[in-house]
Amino acid sequence: MTQTNQQSSSHQVAEKNQAPTITLIGAGLVGSLCAVLLAKRGYNVVIFERRADMREQSMSAGRSINLALSNRGIHTLKQADLMDQVEPMLTPMRGRMIHDLNGEQHLQPYGQRAEEVIYSVSRGDLNKLCMTAAEAYGNVTIHFNSRCDAIDFDKQQLTIYNELTEQNEQHSFEQVIGTDGSASSVRNAIHARHSQQNIVEPLGHGYKELSIPPDSEGNFQMEPEALHIWPRGGYMIIALPNKDASFTVTLFMPNEGELSFDSIDNKNRLQQFFKQQFSDLIPLLPNLETEYFNNPTGRLATVRCNPWHYQDLALLIGDAAHAIVPFHGQGMNCGFEDITELMAQIDQHNNCQTAQFNWQAVFSETDKLRQPNGNAIADMAIENYIEMRDSVNDPKFVLQKELAFELEKRWPDQFVPRYSMVMFHRLPYRDAQQRGETQKAILKELTQSIDTIEQVDFDHAKHLVNEQLLKVNLNP
Ligand SMILES: Cc1cc2nc3c(=O)[nH]c(=O)nc-3n(C[C@H](O)[C@H](O)[C@H](O)COP(=O)(O)OP(=O)(O)OC[C@H]3O[C@@H](n4cnc5c(N)ncnc54)[C@H](O)[C@@H]3O)c2cc1C
């Protein structure tokens with residue numbers, strides 16, 4: 001085992017500005033954006049990242065190439081002064097474009113106002129931008145090819161495996177933040193000390209990425225400003241637009257069973273499956289067979305754990321604390337919101353000027369405030385899978401969506417569709433979930449014996465809304 005340059009280099013920075021050094025494990029989306037906001041506050045930041053620098057090496061294919069960015073994530077990017085640079089990377093998506101079995105398409109808008117859109121963004125480009133922005137502060141050092149394997153909280157030491165030298169190294173730390181994703185080593189270390197819950201719940205479904213290239217003239221082959229969905233009951237395909245006029249297509253399906261990644265294991269079965277279920281997609285997927293058989297099959301799971309912190313030494317944020325299934329497009333957004341809360345707690349309890357730091361309060365308050373919200377979005381993400389693959393074409397579901405927009409128009413301070421509360425506003429996920437339950441019951445009652453919006457009894461609707469829904473603060 002060797003003592004490395006890392007320790008001395010981080011201490012050199014610390015000597016320069018006397019601020020504490022925070023160690024992050026993982027320079028993914030959450031780690032690198034967290035580093036920007038810590039650096040902005042004057043903290044020194046050292047990050048250990050398992051992978052090579054993605055700015056120098058191409059990313060592996062088939063791993064969630066683009067993501068839906070929405071209001072919560074945008075808020076944190078604004079706090080980091082990055083939205084000017086992020087905006088040119090975004091493609092707005094105004095609603096779900098539903099592709100029926102017969103090839104017909106229809107758009108279900110996400111919201112009623114022009115600004116109620118979500119944005120497709122390249123994961124790699126956003127991650128690279130955050131890394132570069134963090135390093136630009138001069139007090140952030142990212143060590144690539146450096147995998148955290150163990151944490152000794154008594155000695156405040158990390159064991160880092162250096163992939164290049166193939167050596168273990170020991171690094172001391174003051175505070176460590178686990179931003180190392182769903183299989184977090186920091187979570188394992190915290191829970192080896194003290195664990196009330198540390199569950200990884202597999203969904204039983206996985207995903208495979210495919211791609212629709214631009215046409216021969218470099219144009220999009222489908223409506224660019226939409227998130228496309230082929231809902232088919234037990235499974236579905238979605239497609240998000242990219243800036244280069246391609247689409248990243250994701251097939252979600254059970255891992256095992258009659259129609260599953262296991263059973264569709266040869267070219268004939270694959271072609272037959274697509275001909276039956278996604279025939280309009282076949283001409284758009286020239287590399288279907290190669291991509292299906294060569295790209296990895298991602299597994300989906302929900303992580304629920306408690307606690308998210310250990311004393312004044314360690315905290316988990318992002319997927320390390322709450323990996324969720326991707327059907328609400330909120331994993332990254334929720335991770336970014338964790339950062340906003342962490343910074344609020346740092347601003348409240350720490351003072352770099354007077355060198356007073358209360359990390360115990362920062363970590364325990366962040367944990368206390370974020371954990372219920374992490375659990376709420378985890379539940380809502382699973383519900384959204386069922387909604388996307390099963391319900392979007394159900395006439396009752398469509399009627400209730402239409403009515404929800406109408407109630408929002410009439411009583412915007414009280415009734416806001418749950419999807420809008422999650423995607424376009426920042427009230428805590430837990431509150432959105434609870435209000436969503438009440439609203440769902442109201443919608444059910446108002447639509448139980450009718451088929452069209454004209455038949456709704458709006459006097460009764462007014463009574464229910466006033467009786468059950470207090471005024472909502474959408475952006476506390
Ligand atoms: C198919 C799919 C689609 C998705 N779509 C959306 C979407 O539309 N919108 C959305 O908001 N979210 C989406 N998500 C979720 C989103 O990808 C995650 O929530 C987000 O990437 C979490 O960021 P993170 O930085 O916490 O973790 P990660 O992105 O997993 O980053 C963790 C980093 O830590 C590094 N690391 C891991 N272990 C170690 C270790 N031991 N030592 C050092 N480094 C380590 C990894 O190499 C990585 O760089 C999607 C996810 C999937 C799978």
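## Briefing: a 476-residue chain of helices and strands

Buried residues account for 55% of the 476 residues in this chain. Keep in mind that this is a predicted model. The chain holds 15 helices and 20 strands. Its radius of gyration is 23 Å, close to the 23 Å that the globule rule gives for 476 residues, so the chain is as compact as a globular protein of that length.

**Overall picture**

- Laid along its principal axes, the C-alpha trace spans about 70 × 55 × 40 Å.
- If you count contacts with a separation of 6 or more, 72% of them link residues 24 or more positions apart.
- The chain has an accessible surface of about 20,500 Å², and carbon and sulfur atoms make up 46% of that.
- On the charge side there are 41 positive and 60 negative charges, and the mean positions of these two sets are 2 Å apart.

**The six-stranded sheet**

- One open sheet has six strands, in the order S9-S3-S2-S13-S20-S19, and its pairing is mixed.
- Its edges are S9 (140-143) and S19 (309-310), each of which pairs on one side only.
- At the S19 edge, two bridges tie S19 to S20 (residues 314-316), and the two strands run antiparallel.
- Within that pair, Tyr310 sits opposite Ala314 in S20.

**Strand S18 and the loop after it**

- Strand S18 covers residues 297-306 and includes Thr302.
- Is Thr302 buried or exposed? With 1% relative accessibility, Thr302 counts as buried, since the cut-off for buried is under 20%.
- What does Thr302 touch, once neighbours within four places in sequence are set aside? Its contacts are Ile199, Val200, Glu201, Ala323, Val325, Ala378 and Ile382.
- The loop between S18 and S19 contains Pro307, and the peptide bond from Asn306 to Pro307 is cis, with omega near 5°.

**The S11–S12 hairpin**

- S11 (residues 157-162) and S12 (residues 167-172) run antiparallel and are joined by six bridges.
- Leu158 has His171 in S12 as its bridge partner.
- Four residues lie between the two strands of this hairpin, and Glu166 takes a positive phi near 55° there.
- Glu169 is part of strand S12, and a relative accessible area of 8% makes Glu169 a buried residue.
- Glu169 and Arg147 are 22 residues apart in sequence, with a C-alpha to C-alpha distance of 10.0 Å.

**Strands S4 and S8**

- In a regular strand, side chains alternate between the two faces of the sheet.
- Strand S4 (residues 66-69) has Asn66 and Ala68 pointing one way and Leu67 and Leu69 the other way, and all of these are buried.
- Which strand pairs with S4 through four bridges? That is S8 (residues 118-122), and the two run antiparallel.
- Asn66 is found opposite Ser122 in S8.

**Positive phi in loops**

- Asp81 has a phi near 60°, a positive value in a residue other than glycine.
- You'll find Asp81 in the loop between helix H3 (71-79) and helix H4 (83-86).
- Ala245 is not a glycine either, yet its phi is positive at about 75°.
- The loop that carries Ala245 runs between strand S16 (236-241) and strand S17 (247-254).
- Though it is in a loop, Ala245 has 5% relative accessibility and so counts as buried.

**Helix H13**

- Ser420 belongs to helix H13, which covers residues 418-424.
- Its relative accessible area is 0%, so Ser420 is buried.
- Not counting residues up to four places away in sequence, Ser420 touches Tyr110 and His425.
- Ser420 and Leu474 are 54 residues apart along the chain, and their C-alpha atoms are separated by 9.9 Å.

Technical notes: Residues are numbered from 1 along each chain as its sequence is written. This is a predicted model: local features need pLDDT of at least 70, side-chain atom pairs count only at pLDDT 80 or more; totals for chains, interfaces and linings use all residues. Side-chain values use heavy atoms; hydrogens and water are left out. The radius of gyration is taken over C-alpha atoms; the globule rule is 2.2 Å times the number of residues to the power 0.38. Buried means under 20% relative accessible area, exposed over 50%, partly exposed in between (1.4 Å probe, protein chains only). Contact means heavy atoms within 4.5 Å. Accessible areas come from the Shrake-Rupley method with a 1.4 Å probe; for residues, only the protein chains shown count as cover. Lys and Arg count as positive and Asp and Glu as negative; His and the chain ends are not counted. The place of a charge is taken as NZ of Lys, CZ of Arg, CG of Asp or CD of Glu. Two strands pair if DSSP finds at least two bridges between them.
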